[in-house]
Amino acid sequence: MPPQIETDEHKALRAAVAALGAKYGRDYITRTIAEGRHPTELWNEAGKLGYLGVNLPEEHGGGGGGITELSIVLEELGAAGSPLLMLVVSPAICGTVIARFGTEEQKRAWLPGLSDGSRLMAFGITEPDAGSNSHRITTTARRDPASGDWLLTGRKVFISGVDMADAVLIVGRTETVSDKEGRTGTLKPCLFIVPTDAEGFQKRPIDMELNAAEKQFELTLDDVRLPADALVGDEDAGLLQLFAGLNPERIMTAAFAIGMGRYALSKAIEYARERTVWKAPIGAHQAIAHPLAQAHIDLELARLMMQKAAHLYDAGDDIGAGEAANMAKYAAGEACVKAVDQAVHTLGGNGLTREFGLASLITAARVARIAPVSREMILNYVSHQTLGLPKSY
């Protein structure tokens, strides 16, 4: 890591994005959810200011930065109570994969729009029978020998923001199935840009208890015909290309969680300073103050690991970034859940009212523990990849 964790430019970016987030705030996000619409105004303004594509190449309309800068954007919007979940998906995963492995034509077609927010791309990897075990993916791409087109067939679940997206970056496989279950057991992934208006592409909203502006969808792909140039990157280098998107996804999920935790904690601190019982603000009592201090420490530690992961990724160290990104996502998810829980507890009954707006974060905070990979799978990763222990699966 560099001696200075954040440069003056990074600090200035934080301040500018925080100001934008404060302009909209939690009330704006809550209102858009209640109205059943997306936070379009915030998305558009963030795009015009260059924040959405801060990680994408300058020659294609981006800011020329990296995941370090994009994670700052998401964290600060979250800390202001107005996070944009699709930052994780459109510029961080899809934009990064296309920028690193796409053809010049794909870059010209997609990166300018992803950078300014005028176009949006979702990401489809999870399947009904392939959750944590992505090697069980059955979405299959096969060539039409007559035309050279790809034909894509399969199902995906829990795909965010498909109703907002122009296309979905779909993870499929191309090898011939051979075992009795219809799977080889070895993933040979390929990534395809699939327009959401393609024939044979269907989306169905999933009824979620989670109250968020971004909806979740199940996708059905029934012989979706794609031109040969819909394939992103090399058909034989799929895993490298896939993790080029999954590592930023983990880093950005950490940023999302840290921002949410910071927002909840700020509300609890404000309340603890002002709420007076028995002649003193409740924040003067260690039973209130110490858990809030612990939550702050946990969030700061998670941020340090997130910064390390982002630095390694931007430096081109995919292996080092993979380990750090998993650890950052784990630490941030745990810190976020604890911060939100302690914030609600600090407010007591008020923590469950709509007026203070913290109760809805109880459900939202758990997303960082579950997605895009569960904390148990991260512990498995650290156990056998970092510690060298044998696999249990």
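Biologist: What radius of gyration does the protein chain have, against that of a compact globule with 393 residues?

Modeller: This is a predicted model. For 393 residues, a compact globule would have a radius of gyration near 21 Å. Along the principal axes, the C-alpha atoms fill a box of roughly 80 × 50 × 45 Å. The value for the protein chain agrees with the globule rule: 21 Å.

Biologist: How many helices and strands does the protein chain have?

Modeller: Among contacts between residues at least 6 apart in sequence, 71% join residues at least 24 apart. The elements of the protein chain number 10 helices and 10 strands.

Biologist: What percentage of the residues in the protein chain is buried?

Modeller: The protein chain exposes about 18000 Å², and carbon and sulfur atoms supply 53% of that area. A residue counts as buried when its relative accessible area is under 20%. Of the 393 residues, the buried share is 52%.

Biologist: How far apart are the mean positions of the positive and negative charges?

Modeller: The protein chain carries 39 positive and 49 negative charges. Between their mean positions the distance is 5 Å.

Biologist: How many disulfides does a search of the whole structure find?

Modeller: A disulfide needs two cysteine sulfur atoms within 2.5 Å. The search of the whole structure finds none. For Cys94, the nearest cysteine sulfur is that of Cys190, 16 Å away, so Cys94 does not meet the 2.5 Å cut-off. The total is zero.

Biologist: Is Cys94 buried or exposed?

Modeller: The relative accessible area of Cys94 is 0%. Because the limit for burial is under 20%, this cysteine falls on the inner side of the cut-off. Cys336, at 1%, is also buried. The class of Cys94 is buried.

Biologist: Which residues does Thr96 touch, not counting residues up to four places away in sequence?

Modeller: Thr96 is part of helix H4, residues 86-101. Its relative accessibility is 7%, so Thr96 counts as buried. Pro91 is among its partners. The full set is Asn55, Leu56, Ile67, Pro91, Ala244, Pro248 and Tyr313.

Biologist: Where does Ala213 lie, and with which residues is it in contact beyond its neighbours within four places in sequence?

Modeller: Ala213 sits in the loop between strand E6 (201-205) and strand E7 (216-226). With 4% relative accessibility, this loop residue counts as buried. Its contacts, leaving aside neighbours within four places, are Thr32, Ile33, Arg37, His38 and Pro39.

Biologist: Which peptide bond is cis, with omega near -5 degrees?

Modeller: The proline of this bond, Pro372, is found in the loop between H9 and H10. Val373 is in that loop too, between helix H9 (359-370) and helix H10 (375-386). The cis bond runs from Ala371 to Pro372.

Biologist: With which residues is Val373 in contact, leaving aside its neighbours within four places in sequence?

Modeller: At 11% relative accessibility, Val373 counts as buried. Its C-alpha is 24 Å from that of Gly233, a residue 140 places away in sequence. The contacts of Val373 are Arg250, Asn326, Lys329 and Ile378.

Biologist: Is Lys279 buried or exposed?

Modeller: Lys279 is in the loop between strand E9 (276-277) and strand E10 (280-281). Its phi is positive, about 75 degrees, although Lys279 is not a glycine. Asp223, in strand E7, also has a positive phi, near 50 degrees, and counts as partly exposed at 35%. At 85% relative accessibility, Lys279 counts as exposed.

Conventions: Residues numbered from 1 in each chain as written. Predicted model: local features only at pLDDT ≥ 70, side-chain atom pairs only at ≥ 80, totals over all residues. Heavy atoms only, no water. Buried < 20%, exposed > 50% of the residue type's maximum accessible area, 1.4 Å probe, protein only. Helix = DSSP H or I, 4+ residues; strand = E, 2+ residues; numbered from the N terminus. Contact = heavy atoms within 4.5 Å. Rg over C-alpha atoms; globule rule 2.2 N^0.38 Å. Areas by Shrake-Rupley, 256 points an atom, 1.4 Å probe, with all protein chains shown as cover. Lys, Arg positive; Asp, Glu negative; His and termini not counted. Charge placed at Lys NZ, Arg CZ, Asp CG, Glu CD.
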